[in-house]
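Welcome to this tour. Keep your viewer open beside the text, and select each stop as we reach it.

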Amino acid sequence: MRTVEIRIGGVPIGEYPTWAYPKGEHLGVFSIPVYSCTVTGSDDTGKSVLEKFTVLRFGVMCKDGKTPQVVGLADHQKHMIKAWIGSYRVHSARSDENGAWQVYDNFLIHDGPDNTSELFASIGCIEITGSQGFSKFNDLIIKLSGSKATSREAQLSEIGRSGTMWITYNAAQRPPLKKK
């Protein structure tokens, strides 16, 4: 298996709407920044590949129904991806792009909104935006990994167990809580 590197940018490149998860939907809509996500590796011919995605990195959490706060990983850090969780389903919105990569504990990489008219919530996971964005992200991961498993799910599981996929979070300033 070949190494795949994921890097999450530290400078906002736009904004998306969100709501305060899990008990703050009635508090209205907030704006959170989006960041670049660069995936690098090499294909079967040894050619270097670099592709970019746009992601949610921070989110708004509200556990008590009254007090929303911005959450997510702001410090520079690097983690080996721990696993592919094929049974994962997005909790805050409707999505057909299932599954998630486990960074550590409950910090995951999974599907996010297709565009700024879709309202997803986040509490610090990396959410891949864009139409079929998470599917395209996973297609790229498979291409770069060199997995020889015979089904998509088997490929994703093999990659998740391999210890060859890494994510680096560039340091970022935690954004302020911002009502839309």
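Two strands count as paired if DSSP finds at least two bridges between them. With that in mind, note that what you have open is a predicted model, and then begin with the strands.

**Stop 1: a hairpin and its neighbour**

Select residues 30-42, which are strand E4, together with residues 48-56, which are strand E5. The two run antiparallel, and nine bridges join them. To see one place where they face each other, pick Thr38, which stands opposite Lys52 in E5. Now follow the chain through the turn: E4 and E5 form a hairpin with five residues between them. Gly46 sits in that turn and has a positive phi of about 90°.

Keep E5 selected and add residues 126-128, strand E12. Here two bridges join the antiparallel pair. Click on Val55 and look across to Ile128, its bridge partner in E12.

**Stop 2: an open sheet**

Next, find the sheet whose three strands are arranged in the order E3-E6-E7. This sheet is open, and its pairing is mixed. The edges are strand E3 (21-22) and strand E7 (69-71); each has a single partner strand, so one side of each is left without a neighbour in the sheet. Select E3 with strand E6 (residues 59-62) and you have a parallel pair joined by two bridges. Tyr21 has Met61 as its bridge partner in E6.

**Stop 3: the cysteines**

How many disulfides does a search of the whole structure find? It finds zero. To see the distances, select Cys37 and Cys125: the Cys125 sulfur is the closest cysteine sulfur to that of Cys37, yet it is 14 Å away, too far for a bond. Repeat this with Cys62, whose sulfur is 17 Å from its closest cysteine sulfur, again in Cys125, and too far for a bond. A disulfide would need the two sulfur atoms within 2.5 Å. While you are here, note that Cys37 is buried at a relative accessible area of 1%, and that Cys62 is buried at 0%.

**Stop 4: rings**

Show the aromatic side chains. The count comes to seven aromatic pairs. Start with Tyr104 and Phe107, whose ring centres are 5.1 Å apart and whose planes lie at 40°, so the pair is tilted. Tyr104 is partly exposed, with a relative accessible area of 23%.

Then move to Phe134 and Phe137: their centres are 6.2 Å apart and their planes at 15°, so this pair is stacked. Both residues lie in helix H1 (residues 133-145), three residues apart, which is about one turn of the helix. Is Phe134 buried or exposed? Phe134 is buried, at 1% relative accessible area, and Phe137 is buried too, at 0%. Widen the selection to Phe53, Trp84, Trp101, Phe134 and Phe137, and you have a cluster linked by ring pairs.

Two charged residues are also worth a click. The charged end of Arg57 sits over the ring of Tyr35, 5.7 Å from the ring's centre. Lys78 lies over the face of Trp166, 5.4 Å from the ring centre.

**Stop 5: a helix and a strand after it**

Select helix H2, residues 152-162. Which of its residues are buried? They are Gln155, Leu156, Ser157, Ile159 and Gly160. The elements covering them include strand E9 (83-85), strand E10 (100-104), H1 and E13. H2 is followed by Gly163, which has a positive phi, near 75°.

Go on to strand E13 (residues 165-169) and pick Thr168 within it. Thr168 counts as buried, at 4% relative accessibility. Leaving aside neighbours within four places in sequence, Thr168 is in contact with Ile6, Arg7, Ile8, His76, Gln77 and Lys78.

**Stop 6: the nonpolar cores**

Finish inside. The largest nonpolar core has 32 residues. Those with the most contacts inside it are Ile6, Val39, Trp101, Ile109, Phe137, Ile141 and Ile167. Two or more residues come from each of strand E1 (4-8), E4, E5, E10, E12, H1, H2 and E13. H1 gives the largest share, six residues. Apart from this core lies another, of eight residues, including Tyr16, Ala20, Val60 and Cys62.

Terms used: Residues numbered from 1 in each chain as written. Predicted model: local features only at pLDDT ≥ 70, side-chain atom pairs only at ≥ 80, totals over all residues. Heavy atoms only, no water. Buried < 20%, exposed > 50% of the residue type's maximum accessible area, 1.4 Å probe, protein only. Helix = DSSP H or I, 4+ residues; strand = E, 2+ residues; numbered from the N terminus. Contact = heavy atoms within 4.5 Å. Phe/Tyr/Trp six-rings, centres within 6.5 Å; stacked < 30°, edge-to-face > 60°. Lys NZ or Arg CZ within 6 Å of the ring centre and 35° of its normal. Core = buried A, V, L, I, M, F, W, Y, C linked by side-chain atoms within 4.5 Å.
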